[in-house]
Amino acid sequence: MPVKWRGFHIPIIILSLLGGLALFFGGQFLYNKYNYEQPLENIFSNNEYVQSYNIEKKSGTVHIDIEIKPNGDVNIAQVYKTLYQDSKDVLGRENFTIALNDNPDSDLQAAWEKSQYFVHQAIMLGNFPEMAEQIENFTAENNAIAKVYVEHENIYVQMYKENGHNLLRVISRRNNNAITTGGGAND
């Protein structure tokens with residue numbers, strides 16, 4: 001005898017509920033896969049400067065972690081802007097962050113710690129040439145090379161050593177508190 005509750009067959013109700021959930025989550029999976037994951041994977045895998053990447057969606061925000069190939073010839077500002085704009089084209093109005101993963105050693109970390117004051121001062125006063133010179137000097141004192149790029153939206157600090165260690169920072173000029181480890185952006 002079939003199990004009934006108020007005239008409804010319970011197994012049919014359970015199967016219908018499970019089928020609806022499977023359709024919902026399957027549809028969500030396919031939407032994410034083909035709407036942003038696959039296009040972003042194509043962007044990052046085809047970029048000659050990207051060594052590895054990870055894309056994850058948490059709490060309504062797409063988090064993109066990118067490791068740039070350790071190469072002193074890379075213009076980190078150009079690479080970041082290209083990856084950011086391409087990601088924005090794919091994601092549209094969706095919230096996202098980009099973090100550039102780096103590999104600093106104690107020398108690069110020390111150079112960055114000395115440089116932060118000059119970065120904040122340059123944001124407030126506009127003395128970017130002095131900031132760049134100080135960062136380059138601090139980095140040279142620590143047996144490394146620095147490149148500093150300034151644009152309307154961000155300041156990019158790239159420090160690297162021949163042994164493969166690097167430090168990458170993207171500092172927003174819009175928000176003085178937006179220095180992020182390894183870079184980052186949120187639109």
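Select R169 to begin the tour of this predicted model. Is R169 buried or exposed? R169 counts as buried because its relative accessibility is 6%, and buried means under 20%. The residue sits in strand β8, which covers residues 166-172.

Next, add D102 to the selection. D102 and R169 form a salt bridge, and their closest N and O atoms are 2.6 Å apart. The two partners come from distant parts of the chain, 67 residues apart. D102 belongs to the loop between β5 (95-101) and α3 (106-125). Unlike its partner, D102 is described as partly exposed, because its relative accessible area is 22%, and partly exposed is the class between 20% and 50%.

Side chains of opposite charge can pair when their charged atoms come close. The next stops show further pairs.

Select E153 and R174. What is the distance between the closest N and O atoms of this salt bridge? For E153 and R174 it is 2.8 Å. E153 is in the loop between β6 (145-150) and β7 (154-160), while R174 is in the loop between β8 and β9 (179-181), so the pair ties together parts that are 21 residues apart in sequence. E153 has 29% relative accessibility and therefore counts as partly exposed. R174 has 62% and so counts as exposed, the cut-off for exposed being over 50%.

Now select E56 and K58. These residues also form a salt bridge, with the closest N and O atoms 3.8 Å apart. Which class of exposure does E56 fall into? E56 is partly exposed, because its relative accessible area is 33%. K58 is partly exposed too, with a relative accessible area of 44%.

For a group rather than a pair, select D105, D107 and K161. A network of salt bridges links these three residues. How many salt bridges does a search of the whole structure find? The search finds eight.

Leave the charged residues and move to helix α1, which spans residues 10-45. Select L15, which is found in this helix. L15 counts as exposed, because its relative accessibility is 60% and exposed means over 50%.

Finally, keep L15 selected and add I14, L17, L18, L21, F24 and F25. What do these residues make together with L15? They make a nonpolar surface patch of about 760 Å². Show the surface of this selection to see the patch, and the tour ends there.

Definitions and conventions: Residues numbered from 1 in each chain as written. Predicted model: local features only at pLDDT ≥ 70, side-chain atom pairs only at ≥ 80, totals over all residues. Heavy atoms only, no water. Patch = residues over 30% accessible without salt bridge, like charges linked within 9 Å, V, L, I, M, F, W, Y side chains within 5 Å. Areas by Shrake-Rupley, 256 points an atom, 1.4 Å probe, with all protein chains shown as cover. Salt bridge = Lys/Arg side-chain N within 4 Å of Asp/Glu carboxyl O. Helix = DSSP H or I, 4+ residues; strand = E, 2+ residues; numbered from the N terminus. Buried < 20%, exposed > 50% of the residue type's maximum accessible area, 1.4 Å probe, protein only.
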